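Here's a quick tour of a protein, written for someone who hasn't met it before. Take a look at the sequence and the model, then read on.

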Amino acid sequence: MAVLAPPQVQPQQLDFWSTGDLRLATTAGEIVALDPWSWVWFAPQWLEGSDQLMQRLAEDVPWQAELRVMYDRVLEVPRLQAMLDSSSFDPEHPFSAVRRGVEHAVGPLMPQAGFNLYRSGDDSVAWHSDRVAHAHPASTVALVSLGASRRFSMRPVGGGAARHWHLNSGDLLVMGGACQRHWQHCVPKMRHAGQRISIGLRATDSVRPTALRRGGTFGSPSCITVA
Ligand SMILES: O=C(O)CCC(=O)C(=O)O
């Protein structure tokens with residue numbers, strides 16, 4: 001099957017939501033088709049005021065260091081993590097504002113939010129696909145980046161060339177369609193990096209991002225429907 005040419009979304013002023021120091025969705029970014037069923041929407045500088053949000057989350061999230069058994073060894077997971085129900089945040093908390101912004105952009109979200117704190121360049125997340133796809137094959141995963149810049153890579157599950165993005169503070173990256181079945185993603189270690197927090201929000205369905213609904217093009221809708 002022919003692979004779609006990466007569709008382009010013209011940057012546009014969405015400016016739909018702001019509160020306090022936070023301002024969301026200043027650019028629509030670009031949507032790239034990874035294969036006929038999988039797409040990534042990358043919206044750089046989607047969130048202004050990300051430093052304050054990073055500070056609040058660093059203080060307010062109950063971060064956990066976890067251990068994992070790998071073969072016969074017990075290893076520390078190389079980052080701090082938390083999985084929280086979004087309702088545990090006050091509606092006035094900047095996280096709640098960001099969640100409403102993501103929901104506005106991609107559609108209804110699952111209540112759970114995943115948080116990762118990368119303390120330095122030694123912290124990372126290895127190649128994986130999100131487990132949400134086991135129950136929801138067409139799930140959409142939105143990642144909001146805060147703090148230090150890190151590389152984010154995706155590679156086809158069956159092998160093939162990887163794609164890379166540089167995620168800066170305030171960027172939004174959304175993986176949609178069949179990304180969690182056909183592709184894996186990772187944040188590799190790097191030599192020098194400061195602290196970074198990522199917020200992961202998930203939708204059970206393959207959604208059409210606002211950027212597309214507002215006039216972007218992505219071939220026909222069936223291109224983002226899991227076959
Ligand atoms: O930190 C990121 O941007 C990626 C996080 C991730 O892949 C995950 O939590 O499953």
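## Around the ligand

Strand 8 (112-118), strand 14 (183-187) and strand 15 (196-203) each put at least two residues into the shell around the ligand. Keep in mind that this is a predicted model. The full set of residues surrounding the ligand is Gly114, Asn116, Val125, Asp130, Leu143, Phe152, His185, Val187, Ser198 and Gly200. Sorted by class, that shell has four nonpolar, five polar and one charged residues.

## The whole chain

Stepping back, the protein has five helices and 15 strands. Of its 227 residues, 38% are buried. What about contacts between residues at least 6 apart in sequence? In the protein, 74% of these join residues at least 24 apart.

## Two helices that meet

Now for a pair of helices. Two packed helices are described by the angle between their axes and the distance between the axes. Helix 1 (residues 50-60) packs against helix 2 (residues 94-106) at an angle of about 120°, and their axes are 9 Å apart. An angle over 115 degrees but not over 145 counts as oblique, so that's the word for how helix 1 and helix 2 sit relative to each other. Who does the touching? On the helix 1 side the contact is made by Gln52, Leu53, Arg56 and Leu57, while helix 2 brings Pro94, Phe95 and Val98. By class, this contact of helix 1 with helix 2 has five nonpolar, one polar and one charged residues.

Helix 2 deserves a second look. How far should its 13 residues span, at 1.5 Å a residue? The expected span of helix 2 is 18 Å, and its end C-alpha atoms are 18 Å apart, so the two agree. The buried residues of helix 2 are Pro94, Phe95, Ala97, Val98, Arg99, Gly101, Val102, Ala105 and Val106. Pro94, Phe95 and Val98 are also part of the contact with helix 1.

Take Val106, which lies in helix 2. Is Val106 buried or exposed? A residue needs 20 or more other C-beta atoms within 10 Å to be buried, and Val106 has 25, so Val106 is buried. Val106 and Ala142 are 36 residues apart along the chain, with 8.2 Å between their C-alpha atoms. Just after helix 2 comes Gly107, with a positive phi of about 115°.

On the other side of helix 2, His93 lies in the loop between strand 7 and helix 2. His93 has 16 C-beta neighbours inside 10 Å, so it counts as partly exposed.

## Far in sequence, brought together in space

Several of the residues in this tour have a partner that is well separated along the chain. Here are four such pairs.

| Pair | Separation along the chain | C-alpha separation |
|---|---|---|
| Val106 and Ala142 | 36 residues | 8.2 Å |
| His93 and Asp60 | 33 residues | 10.0 Å |
| Thr204 and Pro108 | 96 residues | 8.3 Å |
| Asn168 and Pro44 | 124 residues | 7.5 Å |

## Some loop residues

Thr204 sits in the loop between strand 15 and helix 5 (210-213). With 17 other C-beta atoms within 10 Å, Thr204 is partly exposed. Which residues does Thr204 contact, leaving aside its neighbours within four places in sequence? They are Met110, His136 and Ser139.

Asn168 belongs to the loop between strand 12 (163-167) and strand 13 (172-177). Asn168 is partly exposed too, having 16 other C-beta atoms within 10 Å. Apart from neighbours within four places in sequence, Asn168 is in contact with Pro44, Ser145 and Ser149.

Finally, two residues that aren't glycine have a positive phi. One is Gln45, whose phi is near 55°. Gln45 lies in the loop between strand 4 (38-43) and strand 5 (47-48), and 16 other C-beta atoms within 10 Å make Gln45 partly exposed. The other is Tyr71, with a phi of about 55°. Tyr71 is in the loop between strand 6 (64-70) and strand 7 (73-85). Is Tyr71 buried or exposed? The cut-off for exposed is 12 or fewer C-beta neighbours inside 10 Å; Tyr71 has 5, so Tyr71 counts as exposed.

Methods
Residues numbered from 1 in each chain as written. Predicted model: local features only at pLDDT ≥ 70, side-chain atom pairs only at ≥ 80, totals over all residues. Near = placed C-beta within 6 Å. Helix = DSSP H or I, 4+ residues; strand = E, 2+ residues; numbered from the N terminus. Nonpolar A, V, L, I, M, F, W, Y, C, P; charged D, E, K, R; others polar. Axes fitted to C-alpha atoms, helices over the stretch in contact; angles between N-to-C directions. Parallel < 35°, antiparallel > 145°, perpendicular 65-115°, else oblique. Contact = placed C-beta atoms within 7 Å. Expected span 1.5 Å × (residues − 1).
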